[in-house]
Amino acid sequence: MSDHYFAATPESKATPRTVTFSAYGQAYTLGSSTGVFSADRLDLGTSVLMREVPLPARPGTFLDLGCGWGPIAAVLATQVPGSTVWAVDVNTRALDLTRDNAARLGVAERVRVAAPDDVPGDVRFDQIWSNPPIRIGKPALHALLERWLPRLAPDGVAWLVVGRNLGADSLQRWLAEQGWRCERHASAKGFRVLAVRPSG
């Protein structure tokens, strides 16, 4: 039985591989491995997210929530100099890969790779970027968002990409019911990109 990418410690043997993709006019070649989400390529949802969402206009503190092998963290850290990017995942192999990829790109000092419980409680984020793990189930997904969205700065925004057939519209309604301002920013290739902001 194959590993779940949201398992803390993958049981499969790590088989390294390389993934190449382009984002915001720059080519990236990063390391990946078996036992993590979308090990062989940049997944379509993340590709849509980075194609449809503009880069932050100024440096800040950003969160790549569910970072996998770190493509979003890598892009934000290289494209928005002076920023601090927290790359968070429960998968220890994914964290190691993200750490290695940040070092490869020369941005290790600005990419804080951490398990969820290792992020200091007083850190607030100007932006959250996430292709959230929908397949963990609705209760766990809601708990994940309830944990991290309140850590947005008052004028912050969370960018979430969710498959239309995997409940994007119901998630948008649920977020609005929780008091968040949630707008559909874009739709492409079967995905919705949601912009989530504090109600205040």
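A crossing of two helices is right-handed if the near helix is turned clockwise from the far one by less than a right angle, and left-handed if the turn is anticlockwise. Keep that in mind, as two helix pairs on this tour call for it.

**The whole chain**

Start with everything selected. What you have open is a predicted model, with a mean pLDDT of 93 and 94% of residues reaching 70 or more. Colour by confidence and go to residues 1–5: the pLDDT there is below 50. Even so, beyond near neighbours in sequence, this stretch has 11 contacts in the model.

Now switch to a cartoon view. You should find five helices and nine strands. Walking from the N terminus, the order of elements is β-β-α-β-α-β-α-β-β-α-β-α-β-β. The radius of gyration is 16 Å, close to the 16 Å that the globule rule gives for 200 residues, so the protein is as compact as a globular protein of that length. If you like to draw a bounding box, the C-alpha atoms fill one of roughly 45 × 40 × 35 Å along the principal axes.

**First stop: α1 and α2**

Select residues 44–52 for helix α1 and residues 71–79 for helix α2. Their axes come within 11 Å and cross at roughly 20°. An angle under 35 degrees counts as roughly parallel, which means that α1 is roughly parallel to α2. Their crossing is right-handed.

Show side chains next. From α1, pick T46, L49 and M50; from α2, pick P71, I72 and V75, the residues they meet. By class, this contact has five nonpolar residues, one polar residue and no charged ones.

**Second stop: α4 and α5**

Move on to residues 138–148, helix α4, and residues 168–177, helix α5. How far apart are the axes of α4 and α5, and at what angle do the helices pack? The axes are 12 Å apart and the angle is about 45°, which makes α4 oblique to α5. Look along the pair to see how α4 passes α5: the crossing is right-handed.

For the side chains, select K138, L141, H142, L145 and E146 on α4, then S170, L171, W174 and L175 on α5; these make the contact. Sorted by class, the contact of α4 with α5 has five nonpolar, two polar and two charged residues.

**Last stop: L144**

Stay on helix α4 and centre on L144, which is found there. Which residues does L144 contact, leaving aside its neighbours within four places in sequence? They are L65 and P133. Draw a C-alpha to C-alpha distance from L144 to P133 and you should get 9.3 Å, for two residues that sit 11 residues apart in sequence.

Technical notes: Residues numbered from 1 in each chain as written. Predicted model: local features only at pLDDT ≥ 70, side-chain atom pairs only at ≥ 80, totals over all residues. Heavy atoms only, no water. Axes fitted to C-alpha atoms, helices over the stretch in contact; angles between N-to-C directions. Helix = DSSP H or I, 4+ residues; strand = E, 2+ residues; numbered from the N terminus. Parallel < 35°, antiparallel > 145°, perpendicular 65-115°, else oblique. Contact = heavy atoms within 4.5 Å. Nonpolar A, V, L, I, M, F, W, Y, C, P; charged D, E, K, R; others polar. pLDDT = per-residue confidence, 0-100. Rg over C-alpha atoms; globule rule 2.2 N^0.38 Å.
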